[in-house]
Amino acid sequence: MNIKEMTRPECVALLKSTRLGRLACVRDNRPYVVPIHFAFGDNAIFSFSLPGKKVEWMRENPHVCLQVDDVGGDGWKSVVVDGLFEDLPRAPEVDNTIPAVDQQLPKSNHDREFAWSLLQKHANWWEPGALNLGGATPAISGSHLFYRIKIEAISGRQAFQ
């Protein structure tokens, strides 16, 4: 088996074709790793979650790492992304009583819409981020959140025969 470093375009190609990754975050010098579904776009990773341990930890320490892989019969590929977590909160509601000639959505709404447009291209895009421990009901409204991981560094390796 031969192993080689992947180029940035090869790493990006794997990120574009993969939906499941392992997200690592750290708090108080303790690591935490969880699987997430994600979408790649605009040099960033986008995902969806309910509030919980992962989100609390990333808000406290935004430095995160995402690992994705593709394992096949003749070899494997693995990409590691180092990045910064960024919450994509809902923007405050626009006051419709004030006429606006060129009223546009606030940037945070554009970012959320962009994240949603990438994620919704895949069936069950809201899994596992919207599943409760007690059942399989998607929580698409309410306390859910979208987030972005701004890519700071990306690397990958692949093995082949």
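Visitor: Which residues form a nonpolar patch on the surface?
Guide: Keep in mind that this is a predicted model. The patch has about 450 Å² of accessible area, counting its members together. Those members are Met-1, Ile-3, Val-71 and Trp-76.

Visitor: Let's stay with Trp-76. Is it exposed or partly exposed?
Guide: Trp-76 sits in strand 7. Exposed would need over 50% relative accessible area, and buried would need under 20%. Trp-76 has 31% relative accessibility, so it counts as partly exposed.

Visitor: Stepping back, how many helices and strands does the protein chain have?
Guide: Start at the N terminus and read along: the order is β-α-β-β-β-β-α-β-β-α-β. Tallied up, the secondary structure comes to 3 helices and 8 strands.

Visitor: What share of the residues in the protein chain is buried?
Guide: A residue is buried here if its relative accessible area is under 20%. The chain has 161 residues, and the buried share of them is 38%.

Visitor: Now for the inside. Which strand gives the largest share of the largest nonpolar core?
Guide: This core has 26 residues, and Leu-15, Leu-23, Ile-45, Leu-66, Val-79, Tyr-147 and Ile-154 touch the most other members. Several elements supply at least two residues each, including helix 1 (8-17), helix 2 (53-60), strand 6 (63-72) and strand 7 (75-88). The largest share, 5 residues, comes from strand 8.

Visitor: How many residues are in the other core that lies apart from it?
Guide: Among its members are Phe-46, Phe-48, Leu-88 and Phe-146. Its full count is 5 residues.

Visitor: What is Ile-45 in contact with, leaving aside its neighbours within four places in sequence?
Guide: Ile-45 is one of the residues touching the most other members of the largest core. Two of its partners, Leu-15 and Leu-66, are on that same list. With those neighbours left aside, its contacts are Leu-15, Phe-38, Ala-39, Phe-40, Leu-66, Tyr-147, Arg-148, Ile-149 and Ile-151.

Visitor: Why do the buried residues of helix 1 line one face of the helix?
Guide: The residues in question are Cys-11, Val-12, Leu-14 and Leu-15. Look down the axis of helix 1: they line one face because they all fall within an arc of 160 degrees.

Visitor: Which exposed residues does helix 1 carry on the face turned away from its buried side?
Guide: The buried residues of helix 1 pack against strand 4 (39-41), strand 5 (44-49), strand 6, strand 7 and strand 8. Turned away from that buried side, the face carries Pro-9, Lys-16 and Ser-17.

Note on methods
Residues are numbered from 1 along each chain as its sequence is written. This is a predicted model: local features need pLDDT of at least 70, side-chain atom pairs count only at pLDDT 80 or more; totals for chains, interfaces and linings use all residues. Side-chain values use heavy atoms; hydrogens and water are left out. A nonpolar core is a set of buried Ala, Val, Leu, Ile, Met, Phe, Trp, Tyr and Cys residues joined through side-chain atoms within 4.5 Å. Buried means under 20% relative accessible area, exposed over 50%, partly exposed in between (1.4 Å probe, protein chains only). Helices (H or I, at least four residues) and strands (E, at least two) are DSSP runs, numbered from the N terminus. Contact means heavy atoms within 4.5 Å. The arc is that of the directions from the helix axis to the C-beta atoms. Patches are made of residues with over 30% relative accessible area and no salt bridge: like charges are joined within 9 Å, nonpolar side chains (Val, Leu, Ile, Met, Phe, Trp, Tyr) within 5 Å. Accessible areas come from the Shrake-Rupley method with a 1.4 Å probe; for residues, only the protein chains shown count as cover. A salt bridge is a side-chain nitrogen of Lys or Arg within 4 Å of a carboxyl oxygen of Asp or Glu.
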